[in-house]
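This report looks at how the helices and strands of one protein model are arranged against each other. Please look through the sequence and the structure before reading on.

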Amino acid sequence: MPSKELVVTEAGDIPTKLVDGKPTYVYWNILGLAQSARLALIAANVDYVDVRIDADVSQEGWLAAKHTEEMEKVLSFPNLPYFLHPDLGDRGLVQSDSILRFIGAKYGMLGSSPALTDMYLEHLHDAETTIAALSYGKTPDKVLAWYKSSVPDYLKPFGKLLASHKYLSESEGPSIADFKLYVFLYKLTVIQDQLGDEMTKSIIGEDAEWIKTYMGLIEGIPSIKAYSASPSYMKGPLNNPSAKWRG
């Protein structure tokens, strides 16, 4: 569980160095592209600082902070999320999946086959960016239309994989790809809860027993279970205020 959560509302408070000397993860105060890495860090019992930029008041603040000389010394390509870690020295990582890969390598969460884990990450990244593109660029009915038409077939291969393995990692513990899949499934439950109806329940509901079982496994990891019961836990929103559907 993070040792500290900082909600930032001013550009000058966005960190360019480790907070309290600890690994520091910086993103908006939404789930967005960040939750997979947050969960991986929590599952690995990493003592880190979770910095959440308040998207309701600080979007202009981030735009100002990202182009400062101080930020550009730390980040070659200033963007959110970014991750600061003692092993990286005075440089930081951007790109959500690059951060996940670093966490996986550092904390032994690449699964039995790093190549397969990488493939799962890339495949899930495509779906995650689709949800984001529809949420920001289209309307809620377009999100629902994609959910109805594309998600059932998209989920089938994962159901087959998890019929013979506890985790995508194909090992005793989860890999970073498992947290990516969990967050994707969680986002689907939000779509169902907010936009779905009785006709769409079967996509991620009673007829998809493997989803319930799999999500329960991730949620049952002791450190994640404790996090979910703590004030630090975020159920949402998925997206920033500029989205046409926040989730």
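In this predicted model, helix α1 meets helix α7 through Gln35, Ser36, Leu39, Ala40 and Ala43 on the α1 side and Ile176, Phe179, Lys180, Tyr182 and Val183 on the α7 side. Sorted by class, the residues of this contact are seven nonpolar, two polar and one charged. The axes of α1 and α7, the latter covering residues 176-195, lie 8 Å apart and make an angle of about 130°. The two helices are therefore oblique to each other, and their crossing is right-handed.

Helix α1, which spans residues 35-43, also has a contact with helix α4, residues 96-106, where the axes come within 9 Å and cross at roughly 10°. Because angles under 35 degrees count as roughly parallel, α1 is described as roughly parallel to α4. On the α1 side the contact is made by Ser36, Ala37, Ala40 and Leu41, and on the α4 side by Ile99, Leu100 and Ile103. These residues divide into six nonpolar, one polar and no charged.

The two helix pairs can be set side by side in a table.

| Helix pair | Axis distance | Angle |
|---|---|---|
| α1 and α7 | 8 Å | about 130° |
| α1 and α4 | within 9 Å | roughly 10° |

The strands come next. Strands of a sheet pair through backbone hydrogen bonds, and this pairing may be parallel or antiparallel. Here, five strands form an open sheet in the order β1-β3-β2-β4-β5, and the pairing is mixed. Which strands stand at the edges of the sheet? They are β1 (4-8) and β5 (92-94), and each has a single partner strand, so one side of each is left without a neighbour in the sheet. Ignoring direction, neighbouring strands of this sheet are turned against each other by 20° on average.

Within the sheet, strand β2 (residues 24-28) and strand β3 (residues 49-53) run parallel and are joined by five bridges. Along this pair, valine 26 stands opposite valine 51 in β3.

Both α1 and α4 also take part in contacts with the sheet. Helix α1 packs on the sheet and touches β2, β3 and β4 (82-84), while its direction makes about 150° with that of β2. Helix α4 likewise packs on the sheet, where it touches β2, β4 and β5, and its direction makes about 125° with that of β5. Helix α1 thus has contacts with α7, with α4 and with strands of the sheet.

How values were computed: Residues are numbered from 1 along each chain as its sequence is written. This is a predicted model: local features need pLDDT of at least 70, side-chain atom pairs count only at pLDDT 80 or more; totals for chains, interfaces and linings use all residues. Side-chain values use heavy atoms; hydrogens and water are left out. Axes are lines fitted to C-alpha atoms, for helices over the stretch in contact, and angles run from 0 to 180 degrees between N-to-C directions. Helices (H or I, at least four residues) and strands (E, at least two) are DSSP runs, numbered from the N terminus. Angles under 35 degrees count as roughly parallel, over 145 as roughly antiparallel, 65 to 115 as roughly perpendicular and the rest as oblique. Contact means heavy atoms within 4.5 Å. Ala, Val, Leu, Ile, Met, Phe, Trp, Tyr, Cys and Pro count as nonpolar, Asp, Glu, Lys and Arg as charged, and the others, Gly among them, as polar. Two strands pair if DSSP finds at least two bridges between them. A crossing is left-handed if the near helix is turned anticlockwise from the far one by less than a right angle, and right-handed if clockwise.
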